[in-house]
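Please walk me through this structure, going from the sheet and its cores to the helices and one loop residue.

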Amino acid sequence: MTWATKGSGVETKPGVRAQTLDRALDVLDVLADGQPRTSHQIADAAGLHRSIVYRILRTLEDRQLARRTAEGRYTLGLGLLVLSRTVLGDAQARLHEVLGELADTVGATAFFAVPRGGQVVAVVTVEPDRRRAAVAYQPWTRAPLDRGACGLAIQSTGPAHPDERPEVGWARQTGYVRTVGEIHAGLTEIAAPVRLAHGAGGSVAVVFVPGDVDEDRAAEAVRRTAIRLGQPESGVWEL
């Protein structure tokens, strides 16, 4: 038997769970979009009682994982920088290097994304040489896993499903997928799946205004970059 975790769209296997930790992670998930919120707003978004959220927020503040703004709203704290640095390590510098090459080759903003629940999160983004106009795409930007080239590319790293979108199968066959306007109106996204260690899947992508780049050339560059990042020697494969 499986069930879906609240609001995540991801099935979770039954077993022993640490309820307090689970709730704290729900609170961090709410804050992850960078929008400062009151404790009441966080409680409503997380589906938790306000007194529980208040205690969690006090604990997160003590560990510098959350902080209060001058207006009394909560947002993520600087302590998360230490944790993220530990997780990404040298891989972050390597991703910047590889994505920078892709961005300059294509002439478009490049980014690397990973799945988080039912969403895709861009963990590293790089714009092309400053002499070129490019779409601004902020790190930690989130998008639905079932829309946009990145999410479809990540889905293609898993087994086929009868109800999956045709573009997912296309990504398995060609090594890339293209969508237009599914995440941001008027923008094209080309993404390729990155197969990482232990069966994990990520995605490398470029985003641009249609007509600004050679799309066939961009698709090939993205596909080759994904293969490169999926190699053990890439420095990213073990993420």
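The paragraphs below go through the sheet, the nonpolar cores, a pair of helices and a loop residue.

The model is a predicted one. Its open sheet has 6 strands in the order β7-β6-β5-β10-β9-β8, and the pairing is antiparallel. The strands at the edges are β7 (142–144) and β8 (177–180), each of which pairs on one side only. Averaged over the sheet and with direction ignored, neighbouring strands are turned by 30 degrees against each other. Strands of a sheet pair through backbone hydrogen bonds, in a parallel or an antiparallel sense.

At one edge, β7 pairs with β6 in the antiparallel sense over 3 bridges. Val 120 has Ala 143 of β7 as its bridge partner. Helix α5 packs on the sheet, where it touches β5, β6 and β10, and its direction makes about 80 degrees with that of β6.

At the other edge, β8 and β9 are joined in the antiparallel sense over 4 bridges. Arg 178 stands opposite Ile 190 in β9. In a regular strand, side chains alternate between the two faces of the sheet. The side chains of β8 do alternate: Val 177 and Thr 179 point to one face and are buried, whereas Arg 178 and Val 180 point to the other and are not buried.

Next come the nonpolar cores. The largest one has 28 residues, and the members that touch the most others are Leu 102, Val 106, Phe 112, Val 204, Val 206 and Leu 229. Two or more residues each come from α5 (90–106), β5 (109–116), β6 (119–126), β9 (188–195), β10 (201–208) and α8 (215–229). Another core lies apart from this one; it has 18 residues, including Ala 122, Val 168, Ala 171 and Leu 187.

What surrounds Val 204, if residues up to four places away in sequence are not counted? Val 204 touches Leu 99, Leu 102, Phe 111, Ile 190, Ala 191, Ala 192, Val 194, Val 222, Thr 225, Ala 226 and Leu 229.

Helix α2 (residues 39–46) shows how burial can be arranged along a helix. Its buried residues are Ser 39, Ile 42, Ala 43 and Ala 46. Seen down the axis of α2, these residues fall within an arc of 100 degrees, and therefore they line one face of the helix. An α-helix has 3.6 residues a turn, so residues three or four places apart point the same way. On the face of α2 turned away from the buried side are the exposed residues Asp 44 and Ala 45. The cover over the buried residues of α2 includes α1 (19–31), α3 (50–62) and β4 (74–76). After α2 comes Gly 47, which has a positive phi near 70 degrees.

How are α1 and α2 packed against each other? Their angle is about 110 degrees, and their axes are 9 Å apart. Angles of 65 to 115 degrees count as roughly perpendicular, so α1 is roughly perpendicular to α2. On the α1 side the contact is made by Asp 26, Val 27, Val 30 and Leu 31, and on the α2 side by Ile 42, Ala 45 and Ala 46.

The last stop is a loop. Ser 156 is in the loop between α6 (149–155) and α7 (166–174). Is Ser 156 buried or exposed? Its relative accessibility is 2%, and buried means under 20%, so Ser 156 counts as buried. With neighbours within four places in sequence left aside, Ser 156 is in contact with Val 168, Ala 171, Arg 172, Pro 193 and Arg 195. Of these contacts, Val 168 and Ala 171 are among the residues of the core of 18 residues.

Methods
Residues numbered from 1 in each chain as written. Heavy atoms only, no water. Core = buried A, V, L, I, M, F, W, Y, C linked by side-chain atoms within 4.5 Å. Buried < 20%, exposed > 50% of the residue type's maximum accessible area, 1.4 Å probe, protein only. Contact = heavy atoms within 4.5 Å. Arc of directions from axis to C-beta. Pairing = 2+ DSSP bridges. Axes fitted to C-alpha atoms, helices over the stretch in contact; angles between N-to-C directions. Parallel < 35°, antiparallel > 145°, perpendicular 65-115°, else oblique.
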